[in-house]
There are 2 protein chains.
Amino acid sequence: MSLGACVWFTGLSGSGKSTTAAALVPLIRRAGREVTVLDGDVVRTHLSAGLGFSREDRDTNVRRIGFVATEVVRHGGICVASVVSPYRATRDAVRAMVGPGFIEVFVDTPIEVCERRDVKGLYAKARRGQLTGMTGIDDPYEPPLHPELHLKTMEATARQNARLVLKFLEERGVLDPQPLEPARSER
Amino acid sequence: MSLGACVWFTGLSGSGKSTTAAALVPLIRRAGREVTVLDGDVVRTHLSAGLGFSREDRDTNVRRIGFVATEVVRHGGICVASVVSPYRATRDAVRAMVGPGFIEVFVDTPIEVCERRDVKGLYAKARRGQLTGMTGIDDPYEPPLHPELHLKTMEATARQNARLVLKFLEERGVLDPQPLEPARSER
């Protein structure tokens, strides 16, 4: 059985979790492995329809994703989760569930930048008071204290960051080391 | 990567799905494989807290289990699900999601027998009118038309039925054939 792993991207809304995950997934597939993609928004359709954004509902959502991740890793599979998962205690509970295959990746982007991007218009809504419980605005984000990886999106592209995760997976023995691509394929 | 499979036990409440699953799981583990156990009741805690037993909620529950099963099978894992899953169309939707690894096992026990056992007291409640939407009483159970396996619990023990499933998994190439246990270990 292959070595399983759960790459868990945590960070503010708009920090670049899904973008980094989207850059990582094809790199893992190219290394010959299947990937389960657990994107917070996708998962809310499949696993958590009806849940809101209260602390309790967020926790339930995160734990459900953790449940799926645990089962994937149990079978030696690789799972890439991107979910705000703002509370440290809940992330640590998922870490305990998944076991040593849990790889916490902090996608660290200043909130001013996230708010400027505001891809989903959530920050604007929160500022207008049309949305409560927005992480970083009126709900806390508790950054990881000891993440396996700490990615700064202001200093590197999503593709560069995805490669750092890939390298980590190779070092952990989850993936076989891949030959570097020739420079001309850099996009 | 190993060949993945989802053994999906369907049948009335009290038909013996969980009992057969509980007999099967150690046989799979003895064959050297990990198993994800998705028992309807357990899953309602982890994946579907808050869902009821309306047609819509039942479907949501079944589809969520199907979602997890799909991801397990994607990585070559084995999953054993036991869930009433009364509606044919929903089971067929799960079959389509999971793919060729889906093994539908009809646990066929006459409703009179299920009602006599009534382990959870649900039939009595339904008869007293304290519970509506009880499968087999005031909600339909649509038996599989072409299940991979059709188990009759009146003519075989759970252990014997579990061995039929094991044999099927071996024939499918999911498990390596195991040597038969000596007869004295029969319990």
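This is a short tour of the two chains, their shared surface and the helices around it.

Before you click anything, know that this is a predicted model, in which local features need pLDDT of at least 70, side-chain atom pairs count only at pLDDT 80 or more, and totals for chains, interfaces and linings use all residues. Residues are numbered from 1 along each chain as its sequence is written, while chains are lettered from A and ligands numbered from 1 in the order in which they are written.

**Stop 1: both chains**

Color by chain and look at where A meets B. Here 15 residues of chain A are in contact with 15 residues of chain B; being in contact means that the C-beta atoms, placed from the backbone, lie within 7 Å. On the chain A side, helix H3 (residues 55-74) gives the most, with 7 residues. Helices here are DSSP runs of H or I with at least four residues, numbered from the N terminus. Sorted by class, that side of chain A has 5 nonpolar, 6 polar and 4 charged residues. For the classes, Ala, Val, Leu, Ile, Met, Phe, Trp, Tyr, Cys and Pro are nonpolar, Asp, Glu, Lys and Arg are charged, and the others, Gly among them, are polar.

Now superpose the copies. A turn of 180 degrees with a shift of 0.0 Å along the axis lays chain A on chain B at an RMSD of 0.0 Å, which is the relation of a two-fold axis. The same surface serves both copies, as 100% of the contact residues of chain A recur in chain B. The fit is by least squares on the C-alpha atoms of residues with pLDDT of at least 70 in both copies.

**Stop 2: H3 against H3**

Select residues 55-74 in both chains. The axes of H3(A) and H3(B) come within 9 Å and cross at roughly 25 degrees. Axes are lines fitted to C-alpha atoms, for helices over the stretch in contact, with angles from 0 to 180 degrees between N-to-C directions. The two helices are therefore roughly parallel to each other, a label for angles under 35 degrees. H3(A) passes H3(B) in a right-handed crossing, meaning that the near helix is turned clockwise from the far one by less than a right angle.

Show side chains for A:Val68, A:Glu71 and A:Val72, plus B:Val68, B:Glu71 and B:Val72: these make the contact. By class, this contact has 4 nonpolar, no polar and 2 charged residues.

**Stop 3: along H3 of chain B**

Stay on H3(B) and hide chain A. This helix has 20 residues and reaches 28 Å from its first C-alpha to its last, close to the 28 Å expected at 1.5 Å a residue. The expected span is 1.5 Å times one less than the number of residues. After the helix, pick B:Gly76, where phi is positive, near 80 degrees.

**Stop 4: H3 and H4 of chain B**

Add H4(B), residues 88-98. H3(B) and H4(B) pack at about 20 degrees, with their axes 9 Å apart, and are therefore roughly parallel. Their crossing is right-handed. From H3(B), the contact residues include B:Val62, B:Gly66 and B:Val73, and from H4(B) they include B:Ala93 and B:Met97. By class, the contact has 7 nonpolar, 3 polar and 2 charged residues.

Methods. Two residues are in contact if their C-beta atoms, placed from the backbone, lie within 7 Å. Angles under 35 degrees count as roughly parallel, over 145 as roughly antiparallel, 65 to 115 as roughly perpendicular and the rest as oblique.
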